[in-house]
Amino acid sequence: MTEKTAITPATHTAPPARFSHGVRKGNILQVAGQVGFLPAVEGRAPVPAGPTLREQTLQTLANVEAVLKEGGASWDDVMMMRVYLTDTAHFAEMNEIYDAYFADLTVPPAARTTVYVGLPAGLLIEIDAMAVLG
Amino acid sequence: MTEKTAITPATHTAPPARFSHGVRKGNILQVAGQVGFLPAVEGRAPVPAGPTLREQTLQTLANVEAVLKEGGASWDDVMMMRVYLTDTAHFAEMNEIYDAYFADLTVPPAARTTVYVGLPAGLLIEIDAMAVLG
Amino acid sequence: MTEKTAITPATHTAPPARFSHGVRKGNILQVAGQVGFLPAVEGRAPVPAGPTLREQTLQTLANVEAVLKEGGASWDDVMMMRVYLTDTAHFAEMNEIYDAYFADLTVPPAARTTVYVGLPAGLLIEIDAMAVLG
């Protein structure tokens, strides 16, 4: 029996419902949908890193990475990224930020799907990730 | 060679196309997107449990659970839930229902991503799930 | 240590950002979101197979299949398909095309989730897939 463990980085606000920011079981690690919230401050509601796509994308990637690290993984282990944007006009800029962020990756980058959905007011991007370790 | 098996709960209508309600191969079980349809009645088109978010969310969760059980899994094994809503105004109520539904879970809850999409007329929620067994 | 390898069919245009059309690690193969672009032509921007749902669906499925094959897998190994459409009115026609495409499948078909999202102008469908080999 392999144990399923919750991954909760210290930087993260409590999830707004009964789900985990990440779970790991055996060699599979799933990161829940992350948005551009700044590191949690006790007693304060979650606050986005800023109103711009750049600020939110970088913070969202940092939040995904925090879950990966807390779960013993790194970007090298990520198989799939799901990127949810709210506006097709954001695709080119998001890709620029994404490419710069992953410029130093020395293994093949993850597969990715990008689609355009609704998100809560003020949020421009959400990303989740699935990693296979080992 | 590990066999891929289809999972078809007796309560489910036939899928509207050539896909399986669930598939299992080795220790991975994938549940297809479930909506709030009531248990199938021979010769009747699928009918949602009701027009409200509460009715549809509870029925959708019951439908996901039916696939998990038929595949030899339980909520304890679920790594990821994808929740598709049609209206950001439904987030808080869905979370309340979700939290109550999973109140008795004794293992870490699954990761989750919630985004807002279009669904066929009359449907307010769709959920799929990925489980790792063993 | 299992290696993560990128899967890049010769028919594919370079991804528009730092992601892989497919990745494989151990027995898991993830296909990135594919759209209905024709096989790449050096020096030409990606061109959809045509304006219709039929043309784009068949080309998208061919593009998913190209990644599967290049990664040593086939439709038989696919556990999950995610189908993104832009219009609920396309569901019935997409299912017809989907069913005909998979008519000869001799193993249980993959699970599937279909939701309605925004896609870049001119694109009507996007599909990604996750396979478990062996």
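How many salt bridges does the rule find across the interface of chain B and chain A? Here is a short, friendly tour of that interface and of how the copies are arranged; please keep in mind that this is a predicted model.

1. **Salt bridges.** To answer the opening question, the rule finds 2 salt bridges between chain B and chain A. In a salt bridge at this interface, the side chain of A:K25 meets that of B:D77, with 3.2 Å from N to O. If you have the structure open, this pair is a nice place to begin looking.

2. **Extent of the contact.** Chain B contributes 30 residues to the contact, and chain A contributes 26 residues. The size of an interface is often given as the accessible area lost when the parts come together. For chain B and chain A, the buried area is about 2300 Å², and carbon and sulfur atoms give 60% of that area. On the chain B side, the residues that lose the most area to chain A are B:M79, B:P108 and B:P109, which together make up 23% of what that side buries.

3. **Polar contacts and the elements involved.** Beyond the salt bridges, you may like to look at polar contacts: the rule finds 17 residue pairs of this kind across the interface of chain B and chain A, with both residues at pLDDT 80 or more. On the side of chain B that touches chain A, the elements giving two or more residues are β4 (78–85), α2 (91–101) and β5 (111–116) of chain B. The largest share comes from β5(B), with 6 residues. By residue class, this side of chain B divides into 20 nonpolar, 5 polar and 5 charged residues.

4. **How chain B relates to chain A.** Which rotation superposes chain B on chain A? A rotation of 120°, with 0.0 Å of shift along its axis, does this with an RMSD of 0.0 Å. That is the relation of a three-fold axis. Within chain B, the residue that comes closest to the rotation axis is B:V117, whose C-alpha lies at 3.2 Å.

5. **How chain A relates to chain C.** A turn of 120° and a shift of 0.0 Å along the axis lay chain A on chain C, with an RMSD of 0.0 Å. In chain A, the C-alpha nearest the axis belongs to A:V117, at 3.2 Å.

6. **Which surfaces meet.** Why do the copies chain B and chain A meet through different surfaces? Only 10% of the interface residues of chain B are also interface residues in chain A, so the surfaces through which these copies meet are different. For chain A and chain C, likewise only 10% of the interface residues of chain A are also interface residues in chain C, so these copies meet through different surfaces.

Key:
Residues are numbered from 1 along each chain as its sequence is written. Chains are lettered from A and ligands numbered from 1 in the order in which they are written. This is a predicted model: local features need pLDDT of at least 70, side-chain atom pairs count only at pLDDT 80 or more; totals for chains, interfaces and linings use all residues. Side-chain values use heavy atoms; hydrogens and water are left out. Contact means heavy atoms within 4.5 Å. Buried area is the accessible area (1.4 Å probe) that two parts lose on being put together, summed over both. A salt bridge is a side-chain nitrogen of Lys or Arg within 4 Å of a carboxyl oxygen of Asp or Glu. A polar contact is a pair of N or O atoms within 3.5 Å; within protein, one must be able to donate a hydrogen and the other to accept it, and residues adjacent in sequence count only if both atoms are side-chain atoms. Helices (H or I, at least four residues) and strands (E, at least two) are DSSP runs, numbered from the N terminus. Ala, Val, Leu, Ile, Met, Phe, Trp, Tyr, Cys and Pro count as nonpolar, Asp, Glu, Lys and Arg as charged, and the others, Gly among them, as polar. Copies are superposed by least squares on the C-alpha atoms of residues with pLDDT of at least 70 in both.
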